[in-house]
Amino acid sequence: MRTFKDALEIRAWRVFCDGPGKVECAVDTAQPDHIELTARNWKEIEDVNTRVNRTVKLVADQEHWGAPDVWGLAEDGKGDSEDYVLLKRKLLVGKGLSRRAMRFTVVIDAEGHGHGLLTVITDRGDFVLDNKTDTVWPWHQTGYVFIKREGQDKVGWVSLGGVTDPSSYDKMSKPKEAGGPAPKPLR
């Protein structure tokens, strides 16, 4: 997945990062920018995705917090897509995976709504963890339109150009970094 120019940050992300999520939002450029996709790491990724999807109850922020957009770690067992993302990343970091290689990503889903995913950047391509499925998919097989994600080099966001698959890049200009289709995951 290629990144382009800087993108606007999300207000609720900034509130989270300036408050209780300061550590969760930090970018340490000394950490690896990708994860070696070993069988062990793949199992950890799949297990965390499934466990969080099955234990956190999907609740909209307005119902949960009385506000339209609040980010957190689903510490009370409830949350919406961004809370799933943050909890999954925290658990995977706890298992020794590089936070810098796991970026919060904003997409447009099949219903045309904004949705949050965790993108795991690996040596075998970029994969997404999604609260809508227990399957960990290569990013370009999700059917989503990719809008932006957290940057890997500094705290902030980068554009993904609104693409749905690698062939879309051929029509775009001036990418920041190269990428290609992800291989099949280890099983």
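Of the 187 residues of the protein, 50% count as buried in this predicted model. The exposed surface amounts to about 9,300 Å², of which carbon and sulfur atoms supply 52%. Among contacts with a separation of 6 or more, 61% involve residues 24 or more positions apart. Five helices and nine strands make up the secondary structure, and their order along the sequence is β-α-α-α-β-α-β-α-β-β-β-β-β-β.

The largest nonpolar core contains 32 residues, and I45, W71 and L92 touch the most other members. Two or more residues are contributed to this core by each of the helices α1 (11-18), α3 (39-55) and α5 (81-94), and likewise by each of the strands β4 (102-108), β5 (114-122) and β6 (125-130). Helix α5 provides the largest share, five residues. Apart from this core lies another one of nine residues, including V107, F146, L160 and V163.

Two residues illustrate the contacts made in the interior. When neighbours within four places in sequence are left aside, L92 is in contact with E44, I45, V48, L97, M102, L118 and L129. The second residue, R89, lies in helix α5. The relative accessible area of R89 is 0%, so this arginine is buried. With residues up to four places away in sequence not counted, R89 touches E24, R99, M102, R103, F104, L118 and E150. M102 and L118 thus appear among the contacts of L92 and also among those of R89.

Aromatic pairs form a further set of contacts. A pair of aromatic rings is described by the distance of the centres and the angle of the planes. The count comes to five aromatic pairs. In one of them, the ring centres of F104 and W157 are 5.8 Å apart and the planes stand at 80°; the pair is therefore edge-to-face. Because F104 belongs to strand β4 and W157 to strand β9 (residues 157-163), this pair ties together parts that are 53 residues apart in sequence. Both partners fall under the 20% limit for burial: F104 has a relative accessibility of 2%, and W157 has a relative accessible area of 3%.

The rings of W139 and F146 have centres 5.2 Å apart and planes at 85°, so this pair is edge-to-face. W139 and F146 are buried, and F146 is one of the residues of the nine-residue core. Ring pairs also link W13, W71, F104 and W157 into a cluster. In addition, the charged end of K148 sits over the ring of W157, at 5.7 Å from the ring centre.

Terms used. Residues numbered from 1 in each chain as written. Predicted model: local features only at pLDDT ≥ 70, side-chain atom pairs only at ≥ 80, totals over all residues. Heavy atoms only, no water. Core = buried A, V, L, I, M, F, W, Y, C linked by side-chain atoms within 4.5 Å. Buried < 20%, exposed > 50% of the residue type's maximum accessible area, 1.4 Å probe, protein only. Helix = DSSP H or I, 4+ residues; strand = E, 2+ residues; numbered from the N terminus. Contact = heavy atoms within 4.5 Å. Areas by Shrake-Rupley, 256 points an atom, 1.4 Å probe, with all protein chains shown as cover. Phe/Tyr/Trp six-rings, centres within 6.5 Å; stacked < 30°, edge-to-face > 60°. Lys NZ or Arg CZ within 6 Å of the ring centre and 35° of its normal.
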